[in-house]
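Colleague: I should be grateful for a close look at the salt bridges in this structure. Please explain which residues take part and where they lie.

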Amino acid sequence: MKLLTKTSLHYLCASLALLTIFGGLLFYLLKKDISAEIQEQLELQVDMISAEIRQGATIHYPLVDIVKTSKISPARFRDTLIYDHYQQLTEGYYALTETKQVKDEIYSITVLTAYIGWDEYSKTISYIFLGLGVLLAASGLVVNLLISRKIWRPFLMNLAVLKKHALSSKEELVLTGSDTDEFEDLKTVLLDFTLRAKKEYLGLQEFTENSSHELQTPISIIRARLENLGQTTLNEQSARYLKDAREALERLSKVNKSLLLLAKLSGEHFPDVQAISLSVLLTEQLQQLEELYESRKIDLKIHIEPCFIRASPHLVDIMLSNMLANQLKHSAVGAAISVKLNDSLIEFSNEGEPLPFAESDLFTRFVKGDQGKAGIGLGLSIVKKICLVHHWSIEYTYDKGIHLFQVRF
Amino acid sequence: MKVLFVEDEPVLIEEMVDYFSTQGYLCESASTYARAEEKIETYNYDIVIIDIGLPDGSGMNLIPRVSRSSEETGIVIVSAKNSLTDKLEGLNLGADDYLTKPFYVEELNARLHALYRRKMLKGNRHIIFDDFVIDPLSKTLSFKNKEISLTKKEYQLLLYFIVNKERVVSKPSIAEHIWGDYFDQSDNFDAVYVHLMNLRKKLNQTSGKDYIKTVYGMGYRFSAA
């Protein structure tokens, strides 16, 4: 719910509650005062009637009832209902019954008077208060709107800027100032906060890049020496040791290269962005894997439509090869694989068992399924980063035994 | 062929010089920017291999110096950084090729050969082993004037083997050469095997000789003898 709606609602509720309370209070006090007044009037009337009786007059007034009684009882002021022939409904009346001793007789005198339209009063009061409520709410809303236009503007503008800002971007965060203290404070805090976060982010990235970079030379040396050792004649045991060492080194080297690439993908600007034909690149990549599809007896379905995008060919190549390798790696012999491309979407799907880990971990670094199939667990993170760099979306779904990846440009 | 290796890591220099000497190259090395500068000014090389990260300067600055002293000289940059910006900058400055550390010496050798053929021999000299002739221009292989059809990958593989003959070449080295320096493609090792067996069969059927030997756990060796 928007802040404006929220405050308006609260304001409206509070106004309504206050108006109801005070409306009720007004009605109650008014009624009390008027009742007292009417009671006085009726008492006066009874006095006047008893005076007339004392003078010997015969009393025949409408709404006056006089009966002789034997004992004096206290006065009784009450409400009663009387049927009205004209309006054909019962109406509320005040009734005062008092006993009076005139000479030797005791009379019980009852006088009545109409409510004088209490219903109308209450209605009028309700309408006035309701109107007042609506007007208060409306004026509150208008004032709020005007305020939000002006006062909230810097806040909303900064919010829009922050939404678009990535910590990894090299651009400095520029926020709009405001003459509202709270917003100005928020701005200062945000700037400080992003600056620190940015520093830490860059530091971490630099660290990854530097450490990967530093590892490249020792890896080169170990590899050169191991390769050289492989040229000599070795007994079976040494050959086995060497083989294991080389495989592990190969892995290390790939992990390191991938980490280096990931670090670069977060920071570096890619200078080779150009218009490329994705259909051509994809076809080439598929050709590279031809024999593998054949040897694995893969049921391959390819549908490629022309597609031109602006991207870094270097990165697109890496993305395609990672996706295709991933697809193949997780396909059993004879499984179905499909690759589709049109001008706005590329789809990779393959038959296979459901993921052995949570779907949300799919693009996370070093998350992998079957250790035996031993990828290095960075392929999809790299793909995701490449999509991010190009502002493409990538989605994964699993339905009826089919893994499906969709990249939209 | 006369080659200069500019590299500050002694083990790598030793490995490269050792291997390329057995391949019949005339090898020299320089481990600092200053030494490299001096050598480039004084001698002529067919190919110079430059590591960008030198202790006393950037190898990048050596590129224009090499081009200035001899236009013919081929230049290969080697970098541990794998930075696209560096690569584009180096190629712009006049380098012919770019290789990322860690690399296989076989790969560097293949690149040197290709560069040498392109620059010095203008690509028109045939490569001959036994009775086989490879024409690098049309990328074809023939045996006693009869053409043998090879797939693109078999051709690449054969050339890689011939350039690095008598050396045990490992599967990852071959995979990297054919499929490039991509990531996470252990699957391609199966493909290496498939291509290798096809190539072996084709060579065997035409000549009756088995050129490609499997070295247990290590890889494959190509012997022309």
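Modeller: The answer below takes the salt bridges one at a time and then turns to the surface patches.

Please note that this is a predicted model. Over all chains, the structure holds 27 salt bridges. As general background, side chains of opposite charge can pair when their charged atoms come close.

Let us begin in chain A. A:Lys187 is joined to A:Glu184 by a salt bridge, and the closest N and O atoms are 3.8 Å apart. Both residues belong to helix α4 of chain A, where three residues, about one turn of the helix, separate them. A:Lys187 counts as buried because its relative accessibility is 17%, and buried means under 20%. A:Glu184, with a relative accessible area of 28%, is partly exposed. Helix α4 covers residues 181-231 and also holds A:Leu191. With a relative accessible area of 29%, A:Leu191 is partly exposed.

We now pass to chain B. There, B:Glu7 forms a salt bridge with B:Lys101, with 3.3 Å between the closest N and O atoms. B:Glu7 is in the loop between β1 (2-6) and α1 (10-22) of chain B, while B:Lys101 is in the loop between β7 (97-100) and α5 (105-119) of chain B, so this pair ties together parts that are 94 residues apart in sequence. B:Glu7 and B:Lys101 are both buried.

Another salt bridge of chain B links the side chains of B:Arg200 and B:Asp210, at 3.2 Å from N to O. Because B:Arg200 lies in helix α8 (residues 188-207) of chain B and B:Asp210 in the loop between α8 and β13 (212-215) of chain B, the pair ties together parts that are ten residues apart in sequence. B:Arg200 is buried, at 18% relative accessible area, whereas B:Asp210 is partly exposed, at 34%. In addition, A:Arg225, B:Glu14 and B:Glu15 are joined into one network by salt bridges that share partners.

Finally, we consider the surface patches. A:Asp33, A:Glu37, A:Glu40 and A:Glu43 make up a negative surface patch. Of these residues, A:Glu43 is placed in helix α1 of chain A and is partly exposed, with a relative accessible area of 31%. A nonpolar surface patch consists of A:Met1, A:Leu9, A:Leu12, A:Leu16, A:Leu130 and A:Val134, which together have about 570 Å² of accessible area. Two or more residues of the nonpolar patch come from each of α1 (3-54) and α2 (118-150) of chain A. The largest share, three residues, is given by α1(A).

Methods
Residues numbered from 1 in each chain as written. Chains lettered and ligands numbered in written order. Predicted model: local features only at pLDDT ≥ 70, side-chain atom pairs only at ≥ 80, totals over all residues. Heavy atoms only, no water. Patch = residues over 30% accessible without salt bridge, like charges linked within 9 Å, V, L, I, M, F, W, Y side chains within 5 Å. Areas by Shrake-Rupley, 256 points an atom, 1.4 Å probe, with all protein chains shown as cover. Salt bridge = Lys/Arg side-chain N within 4 Å of Asp/Glu carboxyl O. Helix = DSSP H or I, 4+ residues; strand = E, 2+ residues; numbered from the N terminus. Lys, Arg positive; Asp, Glu negative; His and termini not counted. Charge placed at Lys NZ, Arg CZ, Asp CG, Glu CD. Buried < 20%, exposed > 50% of the residue type's maximum accessible area, 1.4 Å probe, protein only.
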